[in-house]
Amino acid sequence: MRGRHADAYSIYKRGTRDYINAYDKEQVRSLNGVSKEIGNPSWKRSFLYILVASLASFLYGYHLGVINETLESISNDLHFNGNTMAEGLVVSICLGGGFLGSTFSGLIVDRVGFRRAFQLCALPMIIGSSMSATAKNLSGMLLGRLFVGTGMGLGPTLATLYVTEVSPAYVRGTYGSFTQIATSLGLMSSLLIGFPAKETEGWWRICFWVSAVPAALLALFMEFSPESPHWLFKSANISVGIANFLGSFAALLLMDKLGRKVLLIGSFSGMVVAMGLQAASASSLVSSSNEVYLSVGGMLLFVLAFSVGAGPVPSLLLSEMFPGRIRAKAMSVCLASHWSC
């Protein structure tokens, strides 16, 4: 039984790794519908997603610099002008939020994936920017800056990892520099937008409202961006484990009620359907947007169907079929035949 489960797991790993490796190959469909793979996918394939992810770095740079030109106006309007401790807190409290965000960034990515993590990065930046823009006192400004800092701590880590994992190998270095360029652009943008702050009353509030726009765009566009293939691979491991457990638990409940034969027929039938889905996902009849769902769905169905019958039943059935005096030798012959197949 352990051998059969190991086989199912090895089949899954081979299939999943093939899918991950295929991620780095361009699927070029010719006029007759035949697919060909080449080693270097087009840089255009991931370019837009890199730009979206770079918004996190842009926001990081923007919030680093936005306080430079606006601090004097903020301190005057919120009545802490000349209080160097308060001014220092307004500048530095976002660093405390950044520490919190960066500390939990890895945990968040592993739990929810990059797309949701980017959206969680954008959310405190939107909230914090709004709180800062509408602040009536020092406490409101500090709280807003703390929220923004949390997003700042998440953003650079997420952007760097995401760009590395979704970009083709031959342009990975080029795309990797986008995050630093975006940070520089964000810093320069904050300085340019903040120039009128000292002459125009209330302009500092506009500076904070402006930053909510790219944060909202980051959250929106990430909804249409692909997930990192490495995170999908880890998630697939978990999903297969759940499917295996559910199938094994179902076998435990049904083994003595339905009998071995019914479970075997149902299990092998489900495996046939699963392999049919796998084959269909690789054909030209299925659109590229649906082939992933068919492939992953077929793999999960295969593991589930296997664990219901083909995994646990044969070893138990064989041990029941043979008389005690030859059971051990007969089992060794059967399992040797199994490993040969």
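Buried, on this tour, means under 20% relative accessible area, exposed means over 50%, and partly exposed covers what is in between. Keep that cut-off at hand, and remember that the model you have open is predicted.

**Stop 1: the whole chain**

Start with a cartoon view of everything. The secondary structure comes to 11 helices and 2 strands. Read from the N terminus, the elements run α-β-β-α-α-α-α-α-α-α-α-α-α. The protein has 341 residues, and buried ones make up 39% of them. Now switch on a surface: about 18,100 Å² is exposed, with carbon and sulfur atoms supplying 67% of that area. For a contact map, take the contacts with a separation of 6 or more: residues 24 or more positions apart account for 77% of them.

**Stop 2: the annotated spans**

Next, colour some ranges from a record. In an unreviewed entry, UniProt lists "transmembrane region" for residues 46–65, 85–109, 142–163, 175–195, 202–224, 236–255, 262–280 and 292–318. Pick out two of these and look at their geometry. Residues 85–109 are 100% helix and 0% strand, with 36 Å between the end C-alpha atoms. Residues 292–318 are 93% helix and 0% strand, and their end C-alpha atoms lie 38 Å apart.

**Stop 3: helix H6**

Select residues 203–221, which form helix H6. H6 has 19 residues and reaches 29 Å from its first C-alpha to its last, close to the 27 Å expected at 1.5 Å a residue. Show side chains for Trp 204, Cys 207, Phe 208, Ser 211, Ala 212, Pro 214, Ala 215 and Leu 218: these are buried. Which helices help to cover the buried residues of H6? The cover includes H2, H3, H4 and H5.

**Stop 4: the nonpolar cores**

Stay here and add Phe 118, Leu 158, Tyr 162, Leu 218 and Met 222 as sticks. In the largest nonpolar core, which has 28 residues, these five touch the most other members. At least two residues of this core come from each of helix H2 (44–77), helix H3 (84–133), helix H4 (138–166), helix H5 (172–194) and helix H6 (203–221).

Centre the view on Phe 118. Apart from neighbours within four places in sequence, Phe 118 is in contact with Ala 53, Ala 56, Leu 158, Ala 159, Tyr 162, Leu 218 and Met 222. There is also a second, separate core of 16 residues, and Leu 78, Met 141, Leu 142 and Phe 208 are among its members.

**Stop 5: two buried serines**

Select Ser 129, which you will find in helix H3. Is Ser 129 buried or exposed? Ser 129 counts as buried because its relative accessibility is 0%, below the 20% cut-off. Not counting residues up to four places away in sequence, Ser 129 touches His 63, Pro 124, Val 148, Phe 208, Ser 211 and Ala 212. Try a distance label between the C-alpha atoms of Ser 129 and Ser 211: they are separated by 6.7 Å, although the two residues are 82 apart along the chain.

Then move to Ser 46 in helix H2. Ser 46 is buried too, with a relative accessible area of 4%. Its contacts, leaving aside neighbours within four places in sequence, are Val 166, Ser 167, Pro 168 and Tyr 175.

**Stop 6: the salt bridges**

Finish with the charged side chains. The whole structure holds 5 salt bridges. Select Arg 115, Arg 116 and Glu 223, which are linked in a network of salt bridges. The side chains of Arg 115 and Glu 223 meet at 3.8 Å, N to O. Arg 115 lies in helix H3 and Glu 223 in the loop between H6 and helix H7 (229–258), so this pair ties together parts that are 108 residues apart in sequence. The bridge from Glu 223 to Arg 116 is 3.1 Å, N to O, and links parts of the chain 107 residues apart, with Arg 116 also in helix H3. Glu 223 is partly exposed at 36% relative accessibility, and Arg 116 is partly exposed at 35%.

For the last selection, take Glu 320 and Arg 260, whose side chains form a salt bridge of 2.6 Å, N to O. Glu 320 is in helix H10 (residues 313–321) and Arg 260 in helix H8 (residues 260–281), so the pair ties together parts 60 residues apart in sequence. Glu 320 counts as partly exposed at 42% relative accessibility, whereas Arg 260 is buried at 18%.

Note on methods. Residues numbered from 1 in each chain as written. Predicted model: local features only at pLDDT ≥ 70, side-chain atom pairs only at ≥ 80, totals over all residues. Heavy atoms only, no water. Core = buried A, V, L, I, M, F, W, Y, C linked by side-chain atoms within 4.5 Å. Buried < 20%, exposed > 50% of the residue type's maximum accessible area, 1.4 Å probe, protein only. Helix = DSSP H or I, 4+ residues; strand = E, 2+ residues; numbered from the N terminus. Contact = heavy atoms within 4.5 Å. Areas by Shrake-Rupley, 256 points an atom, 1.4 Å probe, with all protein chains shown as cover. UniProt positions renumbered as here; feature names shortened; annotations may be inferred. Salt bridge = Lys/Arg side-chain N within 4 Å of Asp/Glu carboxyl O. Expected span 1.5 Å × (residues − 1).
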